[in-house]
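Hi,

Here is the structure I said I would pass on. Have a look, and my notes are underneath.

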Amino acid sequence: MSDRLYTVLLYSDDPQVRDRMRLAVGTRPAADLHVEFTEAASYGECVRLVDDYEIDLMLLDGEATPAGGIGIARQIKDDRTDAPPTCVVIARAADRWLAAYAEVDATLVHPLDPVTTGATVAELLRRHAGAGRAA
């Protein structure tokens, strides 16, 4: 698993939020994982990237507008049988029920804690790789 470079899609309409997400994950969320990032600022960009590239994980801003990460997660899960794992960053822990309804694989809460964020991303990447997508 350590030789594989994983691609994480960061989605938010706010470039500062995408920067905070990138910093919280880092390029090495765990000693055995290497990550590169691609970014989307709109629903259309997000869908295009998922359609055109092998995205290993989507990290979506649940507070983005006009399309929130929870809605995008649900739409992509509904439209694709091979949707990548999804983690949505929410502002209120109480919104976890909505994320669960959208079939989100994990949630994180703003402001992002780098230790929790890295551990969550690493777990999702390992679980997804174990399901057969690892090189």
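Below is what I found, site by site.

First off, keep in mind that this is a predicted model.

I started with Asp61, since UniProt lists that residue, in an unreviewed entry, under "modified residue: 4-aspartylphosphate". Asp61 sits in strand β3, which covers residues 57–61. Its relative accessible area is just 3%, so Asp61 counts as buried, the cut-off being under 20%. Setting aside neighbours within four places in sequence, Asp61 is in contact with Tyr11, Ser12, Asp13, Val17, Met21, Gly68, Gly69, Val89 and His110. With Ser12 there is also a polar contact, side chain to side chain, at 2.8 Å.

Next, Tyr43. You'll find Tyr43 in helix α2 (residues 43–52). At 35% relative accessible area, Tyr43 is partly exposed, because that value falls between the 20% and 50% limits. Not counting residues up to four places away in sequence, Tyr43 touches Tyr11, Ala67, Ile72 and Gln75. Tyr11 is also one of the contacts of Asp61. Pro66 is 23 residues from Tyr43 along the chain, and the C-alpha atoms of the two are 8.6 Å apart.

Last, the surface. Trp97, Leu98 and Tyr101 make up a nonpolar patch there, and together they have about 370 Å² of accessible area. Leu98 belongs to helix α4, residues 96–101. Why can Leu98 be part of a patch? Leu98 has a relative accessible area of 32%, and patch residues need over 30%, so Leu98 passes that cut-off while being partly exposed.

Cheers

Key:
Residues are numbered from 1 along each chain as its sequence is written. This is a predicted model: local features need pLDDT of at least 70, side-chain atom pairs count only at pLDDT 80 or more; totals for chains, interfaces and linings use all residues. Side-chain values use heavy atoms; hydrogens and water are left out. Patches are made of residues with over 30% relative accessible area and no salt bridge: like charges are joined within 9 Å, nonpolar side chains (Val, Leu, Ile, Met, Phe, Trp, Tyr) within 5 Å. Accessible areas come from the Shrake-Rupley method with a 1.4 Å probe; for residues, only the protein chains shown count as cover. A salt bridge is a side-chain nitrogen of Lys or Arg within 4 Å of a carboxyl oxygen of Asp or Glu. Helices (H or I, at least four residues) and strands (E, at least two) are DSSP runs, numbered from the N terminus. Buried means under 20% relative accessible area, exposed over 50%, partly exposed in between (1.4 Å probe, protein chains only). UniProt positions are given in the numbering used here, feature names are shortened, and annotations may be inferred rather than shown by experiment. Contact means heavy atoms within 4.5 Å. A polar contact is a pair of N or O atoms within 3.5 Å; within protein, one must be able to donate a hydrogen and the other to accept it, and residues adjacent in sequence count only if both atoms are side-chain atoms.
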